Amino acid sequence: MSQVMETPSEGPEEDRVSLRSNGKMSPNGSVRENQGLLQTFRLSFRKASDRSPVPLRRKGSKVTAKEDTAGDESAGDESLMSPPSPSPSAGSGSTSPLKTIGGFFHKKEEDQPEAASRKHKPLSRSKTDPNMSKSNSLIKKGVSLRRSLRFGSKKENERTSRPELLLTTSEGVMEKMEEEAEEVQEELEELEEMYTLPDIPHTPLSVMQINKLIEMEVLEEAHLNLLALRLEFQKEQERFDQDCPMELSKKEKDLNLLYRDLQNKIQTIVRDSNSLPARNKPLLVFVARIIQEEEKRAAEPGGLPDSWMEAWREAVCEGVQVKVNSVHLERREENSSWLAVHLGLLGKTIVEDLENVKQDLRWSYPPSFRVFSSYVRSYHRVVRQHLKKLEPQVTELKDLYTLLDWILNKYKSEKIMRSLSLQPDMTEENADLQLEETFLQQLKEKFCCKVKEDMRTTLDRIIELEHETYWRDKKEPEKEESFLISQFPMDIWTKVKGTVVNSRKLEAELEQKVLSSCVEELKNFPKRFEAEFRSRCGALQPQPLWTQYHISYINSFAALQQHMEGYQDSCPSELEGFRREVKWLNVRLMQSLEDQFKEDVKPYLRRMMTRKWLTSDEDFKHLLSQTQQLSQHCDLMRPPQAQEFASRLHHHVVKEYIGQLMKNNYSCRNRKHERAAAKIRREWSDLRDLFEEMKSTHEWLHPAGDDLSSIIGQKNKTDIKDHLQRLVQHYPDFSRKHLLAVLYFRGLQRGREHQLILQRLSALKKETGSADGDRSQVLFGDMQVTANTDCMSSLPSFCLSVLQRDS
């Protein structure tokens, strides 16, 4: 600590010598020596401020000093009366500003008389007066440096530079700094827009000397000498008019090279200012004034053709680029959350950097630079380019979601651009990243494609899981509320709902597209599932497990469709396509069950209405048993699919049972028709009760058996025609050929009564109208009738009477 403090203690003596001698800057290294002095001073000031428990007061905060000296009042008045100059020197052009920095640290008793004598003098001076008093120059330098470096009063600087304060214990330092904090009046303000240019030297330094000043970052003196060189060039150009001697061309080239070096140096300082604020902060004051002056002289010959303000903005953007590039980025192979981690760090870096601009960096510039706004716009620009470079690496759905969420939500939220620490400055800025619409649209489409791919992968995995859980081990499906069902409908619906809900957090428009992508992919699922199921479980047919699987998947797809109905308003066309696919899948599954049932009961139904049937109940018992077994399975099927399936079976059994009457396989003789009618009525009652238990919706089929048995069982042939009306009313599709088949089974194949019955049917058909009736209730119209080979049955009645008389 003592070693650090020795250098500042010697500084005032060296500066007093420099002041008395009024020596000009020599190329032998005096500038370098004084630069070391400035760095030492900065270090001591920074250490002292770091120890201070009291933060710097912002604009508007005021602390009243307990003691005011004449020197302090003078320095304070001058700092408020005059805008800061970018120059640390105001003497002759050849005087180095760094040589006179030490004069700012004179002891109080030496500075007070000089400050008091110039208390009310203005700081501005003419550009054409190179012999102005050196004491005025020193005062102005001190004021300028004090404001650019954010120093307090001279009194405060003396306290900071005392070695005995820094050598005290930590408790003593804290107490002392707390007491002194009450006396400090610190206000952070932007540089004033107006400024006074220091005197331009009559004779500029050499090109190499100016270049050396630029390299050593003695910017103000380098710029003043450049202006002097530029004025010389302009005068010579006017003198030679059209002629352009070699010497003038050489000077113009030297000017261009020096200006380019100065601009490059300024860009370097500006670029590093947000990364190295402590080093570059004092230089930014000079940078701002140089840019202002060059913008004013843009039309004059000898300068650079491009805009200095644009070059400054580019440097700001380059500095932001450096910041963004420094954010850690892991490889995908090393960390699955690489993008989320990177974007989190990027957001933190943006906020911290803008906080630094808002709190410190902006005070080194005049208001016209709009420093905070420039940095915000630069971050928009750089981050846009950065995300475009990242986009090809983002291939997974979760990373695409992370990227879109960061762009659409987090970037402009309170986590980053709307951070409370950036207020109120950020209220006037656009917090949106403002990505190109084509890029953002491309990103959304890529996200929707990945959603579709992810949905397909999920559905394929569900089919595989169904195989691993049930098909491979021939495990019975699970029950839920006494119904067979699989778990995949809930899995699919949960997947779709989660994807849609998450996309809604991104954007409402994107939610719609994501939902459409999900349902579009889901539309192909029923056929793919059916193909895999039939391929892996086809060998189980006709085992009960095969039937259970069918019923389970009829229930499952119906449940999935019901879950998806909630999105009817959002994507009606896609959902209609999915609904149609589920419907036809269930139709095919039920058709498979129905075909198997038909195959099972076919041999028993074929032997109905035969001689064996009349004498044995074995075939009907088998038919009843098969139907009862399927009825038990139907109890495991959810409504309304269970009612639909029971109704289809009901229609088939009735049609096939009665259809045996139409095949003319048997004719009842010797009064066997009464026993046949009784058996039909009894069996019909059993079938009707069974299908009622199965909740068949085809109640219109119930009267058929009773109507036919009443015709077949009539003792008197003449009474048959009186029982036709009910049958025709119930079944308008009952025709003459059907009646002939029934009469044949009854044993009535010819005769007058036979003809009268047929005539009665014709009359009833005319009365009831069209024989087609309701096409949804067709029973006899679909029955095949075997042609009657007895030609006598179709003869007219008068022919029969003639034949009977002749016989």
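**Figure 1. Helix α22 passes helix α25 in a right-handed crossing.** In this predicted model, the crossing brings together α22, residues 572–606, and α25, residues 641–659. Their axes come within 11 Å and cross at roughly 30°. Angles under 35 degrees count as roughly parallel, and α22 and α25 are therefore described as roughly parallel to each other. On the α22 side, look for V587, M590, Q591, L593, E594, F597, K598 and L605. Their partners on α25 are Q641, E644, F645, R648, L649, H652, V653, E656 and Y657.

**Figure 2. Helix α15 is mostly covered.** Here we turn to residues 371–390, which form α15. Of its 20 residues, 15 are buried. The length of α15 can be checked too: at 1.5 Å a residue, a span of 28 Å is expected, and the end C-alpha atoms are 28 Å apart, so the two values agree.

**Figure 3. Two cis peptide bonds precede prolines, at Q423–P424 and Q541–P542.** Most peptide bonds are trans, which makes these two places worth a close look. Between Q423 and P424, omega is about 0°. P424 sits in the loop that links α16 (397–410) with α17 (437–471). For the bond between Q541 and P542, omega is about 5°. P542 belongs to the loop between α20 (525–537) and α21 (544–564).

**Figure 4. K474 and M609 each have a positive phi without being glycine.** Most residues other than glycine have a negative phi. For K474, phi is about 55°, and the residue lies in the loop between α17 and β1 (478–480). K474 has a relative accessible area of 52%, so it counts as exposed. For M609, phi is about 60°, and its place is the loop between α22 and α23 (611–615). Unlike exposed K474, M609 is buried, with a relative accessible area of 1%.

**Figure 5. The pLDDT is below 50 over residues 1–170 and under 50 over residues 791–795.** For the protein chain, the mean pLDDT is 77, and 72% of the residues reach 70 or more. Over residues 1–170, where the value is below 50, the model has 271 contacts beyond near neighbours in sequence. Residues 791–795 have 11 contacts beyond four places in sequence. Please keep these pLDDT values in mind when viewing the two stretches, residues 1–170 and residues 791–795.

Terms used:
Residues numbered from 1 in each chain as written. Predicted model: local features only at pLDDT ≥ 70, side-chain atom pairs only at ≥ 80, totals over all residues. Heavy atoms only, no water. pLDDT = per-residue confidence, 0-100. Contact = heavy atoms within 4.5 Å. Helix = DSSP H or I, 4+ residues; strand = E, 2+ residues; numbered from the N terminus. Expected span 1.5 Å × (residues − 1). Buried < 20%, exposed > 50% of the residue type's maximum accessible area, 1.4 Å probe, protein only. Axes fitted to C-alpha atoms, helices over the stretch in contact; angles between N-to-C directions. Parallel < 35°, antiparallel > 145°, perpendicular 65-115°, else oblique. Left-handed = near helix turned anticlockwise from the far one by under 90°.
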